[in-house]
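Trainee: I have a model open and want to learn how to read it. Where do we start?

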Number of protein chains: 2
Amino acid sequence: MTRGASIDHTAPQNLSAGIYATLRHRLILGELRPGASLSIRTLAEEFEVSAMPVREALRQLASEEALIGAAKKAYRVPDLSPDEAANLFFVRSILEGAAAELAVENMTARNLRNLARLATETDAAWATGQPDRYIAANYKFHRCINDRAGNTSLEKMIAGLYARTGPWLAHGVADLISADTAQDGHRKIVDAFASKDAALARRLVEDDAQWAITLYRRLR
Amino acid sequence: MTRGASIDHTAPQNLSAGIYATLRHRLILGELRPGASLSIRTLAEEFEVSAMPVREALRQLASEEALIGAAKKAYRVPDLSPDEAANLFFVRSILEGAAAELAVENMTARNLRNLARLATETDAAWATGQPDRYIAANYKFHRCINDRAGNTSLEKMIAGLYARTGPWLAHGVADLISADTAQDGHRKIVDAFASKDAALARRLVEDDAQWAITLYRRLR
DNA sequence: ATAGCATAACTGTGATCACAGATAAACACA
DNA sequence: TGTGTTTATCTGTGATCACAGTTATGCTAT
């Protein structure tokens, strides 16, 4: 490549923060595959900075278990076992379910239209067999809900889970998207928000988070 | 002081990890007060290491919002507003409630005896007006439950919340413990586990996590 | 051709230094 | 005695180096 990797859009106060955000984004979108190794010096060269900010970004990702960092060994993208993935998606279902319940009363008509648009986007991506597009749209769809919960701590904890499950999910979706599996969960969620049914929204979002893991298990 | 601060019991692979664990423990136990400032160089001298491991530990704590780290300003212990604290305790109630529900079937008779002992410990500490003792026993009580959930991710996320709410809780408990407020929640939780009532255990644990915030608000 | 070993390259980790911004202290002036 | 300004100290941040494990490579001997 001719230039250094692009840092986060909003100029961060730290170099570390920008590199962290960039790498986490790559994890969420599945651009970093499970088992891939990340080297401090290599990334430092790529980002055109010294090793210092990179090592702090990697350490931070490792601390939230978005990366694996053994002593004197290269950082690696975790290769989740089905059980580990199930644990993570369980936590995600709980947190996102609660967020959805909170978000119902904060959801404006504009939010709802945006949400509906993203639901059709995910469906289209799935129907046409575009895993990358589906992953990106799915993340935006759920962020649109979680951001309306009005609980910053909750939102950030959920975002951390997406970084941890991202590589695994991208791998799974790539396998599943070719199979003839139904995928109408998002549409129902939009309807629940439209009718302001908090309990239903919670249950559907919980089911949606569990959907990937059950589907993945059935395929094996 | 005549010697360096003691590092974590189990020898960690990193100096950073040990310092991180020590500082987090201090936060959980309320030994670090809200607003207190932590300096990299000062702590490095205290721990008898260079600035390098300390800055990584502080950065990590700041990344999980257990500390506040502004640019070129000293790290500080967050001074939570009642709303922020309520948000955190809400998340804690959700996660610990789910953990309790999972823990019911994993709870052995030995665990149950230990849990009952810790419940009487918290009650005794409260009745005799010993905030530090209450905080420590309360943390152990809830860890005893959360560790039996069998979901490592869930446990660690909850532990992170204790680090964030610790200083605030210690401050609040010190104020509340003198007032003649009842405190029999833990006893009921033990009974729910004894009768293996998962739904009840979940509800009671959820209520217990909300208890501090409601009590704190009532006092104001 | 293959197994075993020595060597080279690569890894994170810790320490040290230079720098710029923020805070506190001290000093001069009214 | 108060107030504004200057100075000094303290702050995190980034870069660079030395070091010790780890991994990969290539060579030698069989």
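Mentor: Start with DNA strand D. A residue counts as near a strand if its C-beta atom, placed from the backbone, lies within 6 Å of it. This is a predicted model: local features need pLDDT of at least 70, side-chain atom pairs count only at pLDDT 80 or more, and totals for chains, interfaces and linings use all residues. Residues are numbered from 1 along each chain as its sequence is written, while chains are lettered from A and ligands numbered from 1 in the order in which they are written.

Trainee: How many residues surround DNA strand D, and which are the closest?

Mentor: There are 21. The closest are L15(A), S50(A), M52(A), S39(B) and I40(B). Two or more residues each come from α1 (15–28) and α3 (51–63) of chain A, and from α2 (40–47) and α3 (51–63) of chain B. Helices here are DSSP runs of H or I with at least four residues, strands are runs of E with at least two, and both are numbered from the N terminus.

Trainee: What is the make-up of that surface by class?

Mentor: Nine nonpolar, six polar and six charged residues. Ala, Val, Leu, Ile, Met, Phe, Trp, Tyr, Cys and Pro count as nonpolar; Asp, Glu, Lys and Arg as charged; the others, Gly among them, as polar.

Trainee: Which residues are closest to DNA strand C?

Mentor: S39(A), I40(A), L15(B), S50(B) and M52(B), out of 21 that surround the strand. At least two residues each come from α2 (40–47) and α3 of chain A, and from α1 (15–28) and α3 of chain B. The classes near strand C are nine nonpolar, six polar and six charged.

Trainee: Now the protein chains. How many residues does each give to the contact between A and B?

Mentor: Chain B gives 18 and chain A gives 18. Contact means C-beta atoms, placed from the backbone, within 7 Å. On the chain B side, α3, α4 and α7 (152–176) each give two or more residues. The largest share, seven residues, comes from α4(B). That side has nine nonpolar, seven polar and two charged residues.

Trainee: How do I describe a helix pair?

Mentor: Two packed helices are described by the angle between their axes and the distance between the axes. Axes are lines fitted to C-alpha atoms, for helices over the stretch in contact, and angles run from 0 to 180 degrees between N-to-C directions. Take α7 (residues 152–176) of chain A and α4 (residues 82–103) of chain B: the angle is about 50°, with axes 8 Å apart. The two are therefore oblique. Under 35 degrees would be roughly parallel, over 145 roughly antiparallel, 65 to 115 roughly perpendicular; the rest is oblique.

Trainee: Which residues meet there?

Mentor: T152(A), S153(A), L154(A) and M157(A) meet N87(B), L88(B) and V91(B). By class, that contact has four nonpolar, three polar and no charged residues.

Trainee: R92(B) is in α4 of chain B too. Is R92(B) buried or exposed?

Mentor: Buried, because 26 other C-beta atoms lie within 10 Å. The cut-offs, with C-beta atoms placed from the backbone, are 20 or more for buried, 12 or fewer for exposed, and partly exposed in between. R92(B) touches I158(B), L161(B) and A209(B), leaving out residues up to four places away in sequence. The C-alpha atoms of R92(B) and Q210(B) are 8.5 Å apart, though 118 residues separate them along the chain.

Trainee: What secondary structure does chain A have?

Mentor: Nine helices and two strands. Buried residues make up 44% of its 220 residues.

Conventions. Contact = placed C-beta atoms within 7 Å.
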